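Student: Please take a close look at one single part of this model for me. Once that part is clear, I would like to see how the rest of the chain is arranged around it.

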Amino acid sequence: QLRLAESGGDLVQPGGSLRLSCIGSVYQLGYHVVAWFRQAPGKEREAVACINRRGEPTIYGDSLQGRFTISRDNALNTVDLQMNNLKSEDTAVYSCAAISSGSRSPCSRDSGRYIYWGQGTQVTVSS
């Protein structure tokens, strides 16, 4: 089965940037819709971004538009989340998730749809 591993989480100051990577193994990530979710302490998990098999991105939430971007590199079997102008409210554990999908399958912000999950990576935004 597909295995996912996240990397890139760190402590960063407000206004800084981070690039998270989700690396797939065993199977090709290119056959999957991939999404990033985050969960802050005491809060529910929320969808951050998603990218379908055609490379079409979706960013969820007005507060993330213009700051976060998602991209995929099927040759490297990765999906990256670029986060700019980070704010304290972005502090959370970020996890990538994937589901095997048809070539025309759309993205989804419903975490229940995703079968494969990584362990998560901690992002802390603090001065």
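Tutor: Happily: let's start from Val 123, which is buried with a relative accessible area of 0%. Here buried means under 20% relative accessible area, exposed means over 50%, and partly exposed lies in between, with a 1.4 Å probe and protein chains only. Before we go on, please keep in mind that this is a predicted model, in which local features need pLDDT of at least 70 and side-chain atom pairs count only at pLDDT 80 or more, while totals for chains, interfaces and linings use all residues. Residues are numbered from 1 along each chain as its sequence is written, and side-chain values use heavy atoms, leaving out hydrogens and water.

Val 123 sits in strand E11, residues 121–125. Strands (E, at least two residues) and helices (H or I, at least four) are DSSP runs, numbered from the N terminus. What does Val 123 touch, not counting residues up to four places away in sequence? Its partners are Gly 9, Asp 10, Leu 18, Leu 20, Met 83, Asp 90, Thr 91, Ala 92 and Tyr 94, where a contact means heavy atoms within 4.5 Å. One of these, Ala 92, is 31 residues from Val 123 along the chain, yet their C-alpha atoms are separated by 5.5 Å.

Ala 92 also leads us to the next strand, since E9 covers residues 92–100. Ser 95 belongs to E9, and it too is buried, with a relative accessible area of 12%. Leaving aside residues up to four places away in sequence, Ser 95 touches Glu 6, Ala 35, Trp 36, Phe 37, Trp 117, Gly 118, Gln 119 and Gly 120.

Two of the names so far give us a way towards the N-terminal part. Leu 20, one of the residues that Val 123 touches, has Leu 81 in E8 as its bridge partner. That bridge belongs to the antiparallel pairing of E3 with E8 (residues 78–83), which runs over six bridges; two strands pair if DSSP finds at least two bridges between them. E3 (residues 18–25) is also joined to E1 (residues 3–7), again antiparallel, by five bridges. Within that pairing, Leu 4 has Gly 24 as its partner in E3, while Arg 3 stands opposite Ser 25.

The second name is Glu 6, which Ser 95 touches. On E1, Glu 6 shares the covered face with Leu 4, whereas Arg 3, Ala 5 and Ser 7 make up the uncovered one. In a regular strand the side chains alternate between the two faces of the sheet.

Now for the loops. Gly 15 lies between E2 (11–12) and E3 and counts as partly exposed, at 44% relative accessibility. Gly 15 touches Asn 85 and Leu 86, not counting residues up to four places away in sequence. Its C-alpha atom and that of Asn 84 are separated by 7.1 Å, although the two residues are 69 apart along the chain. Asn 85 itself is in the loop between E8 and E9 and is partly exposed, with a relative accessible area of 41%. Its phi is positive, about 50°, although it is not a glycine. Asn 77 likewise has a positive phi, near 65°, in the loop between E7 (68–73) and E8, but Asn 77 counts as buried at 9% relative accessibility.

Finally, let's step back to the whole chain. How many helices and strands does it have? There are zero helices and eleven strands. Of its 127 residues, 46% count as buried. Among contacts between residues at least 6 apart in sequence, 61% join residues at least 24 apart. The C-alpha atoms fill a box of roughly 40 × 25 × 25 Å along the principal axes. A compact globule of 127 residues would have a radius of gyration near 14 Å, and the chain agrees with its 14 Å; the radius is taken over C-alpha atoms, and the globule rule is 2.2 Å times the number of residues to the power 0.38.
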